Amino acid sequence: MSSEKSKRSHFLEPIFKLLRVSQWTGPANANQKLLNAGLVVVLMISYVAWVLHGESLIRDTDRTRREISELNAELAFEKSKLMQESRQSRIVQKVTPMGLRDYRNEQPPVKVVLPTKKPVQPE
């Protein structure tokens, strides 16, 4: 476990040296304090930007979800309208002024009966 900690500290050591983290709490020169304050300001601004970006993504997702539900409702309405308009009685009403007729309604349907053969019974 100590080797893992040494690897981690070894990995972060150049970053700590660059930012002079050890001097943040103790006495430091004005330039270092200004650099530390600037770093904190940059981190705060980047955090706020990240949060605002996330909120805008959430708003966009909600808006898109609402639009999809509206489009689904419109699709269901248009499908039902199309089903009503495609009924045979509506089609006949619409094509009658054009001179077309529905020949299926001129004669009533006829039941077709096939003669059945009676099985021969042995006597």
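This passage describes the salt bridges and the aromatic pairing found in a predicted model.

Salt bridges were considered first. The count of salt bridges in the model comes to five. One of them joins Asp-60 to Arg-63, with a separation of 3.1 Å between the closest N and O atoms. Both residues belong to helix H2, which spans residues 30-85, and because they stand three residues apart in that helix, about one helical turn separates them. Asp-60 has a relative accessibility of 33% and is therefore classed as partly exposed. Arg-63, with a relative accessible area of 41%, is likewise partly exposed.

A further salt bridge is formed between the side chains of Lys-81 and Glu-78, for which the N to O distance is 3.8 Å. These two residues are also located in helix H2, where a spacing of three residues places them about one turn of the helix apart. The relative accessible area of Lys-81 is 40%, which makes this residue partly exposed. For Glu-78 the corresponding value is 36%, and this residue too is partly exposed.

Arg-90 and Glu-85 form another salt bridge, in which the closest N and O atoms lie 3.3 Å apart. Glu-85 is the residue at which helix H2 ends, given the range of residues 30-85. Arg-90 has a relative accessibility of 30%, and Glu-85 one of 31%. Since partly exposed residues fall between the limits of 20% and 50%, Arg-90 is assigned to that class, as is Glu-85. The contact between Arg-90 and Glu-85 does not stand alone: a network of salt bridges links Glu-85, Arg-90 and Lys-94.

Aromatic contacts were examined next. The structure holds one aromatic pair. The pair consists of Tyr-47 and Trp-50, whose ring centres are 6.1 Å apart and whose planes meet at 55°, so the arrangement is tilted. An angle over 60 degrees would be required for an edge-to-face pair, and one under 30 degrees for a stacked pair. Tyr-47 and Trp-50 lie in helix H2 with a spacing of three residues, and are therefore separated by about one helical turn. Trp-50 counts as exposed, because its relative accessibility is 62% and the class begins over 50%.

Helix H2 thus contains the Asp-60 and Arg-63 salt bridge, the Lys-81 and Glu-78 salt bridge, and the aromatic pair of Tyr-47 and Trp-50. In each case, the partners are three residues apart in the helix.

Definitions and conventions. Residues are numbered from 1 along each chain as its sequence is written. This is a predicted model: local features need pLDDT of at least 70, side-chain atom pairs count only at pLDDT 80 or more; totals for chains, interfaces and linings use all residues. Side-chain values use heavy atoms; hydrogens and water are left out. A salt bridge is a side-chain nitrogen of Lys or Arg within 4 Å of a carboxyl oxygen of Asp or Glu. Helices (H or I, at least four residues) and strands (E, at least two) are DSSP runs, numbered from the N terminus. Buried means under 20% relative accessible area, exposed over 50%, partly exposed in between (1.4 Å probe, protein chains only). Rings of Phe, Tyr and Trp (its six-membered ring) pair if their centres lie within 6.5 Å; planes under 30 degrees apart count as stacked, over 60 as edge-to-face and the rest as tilted.
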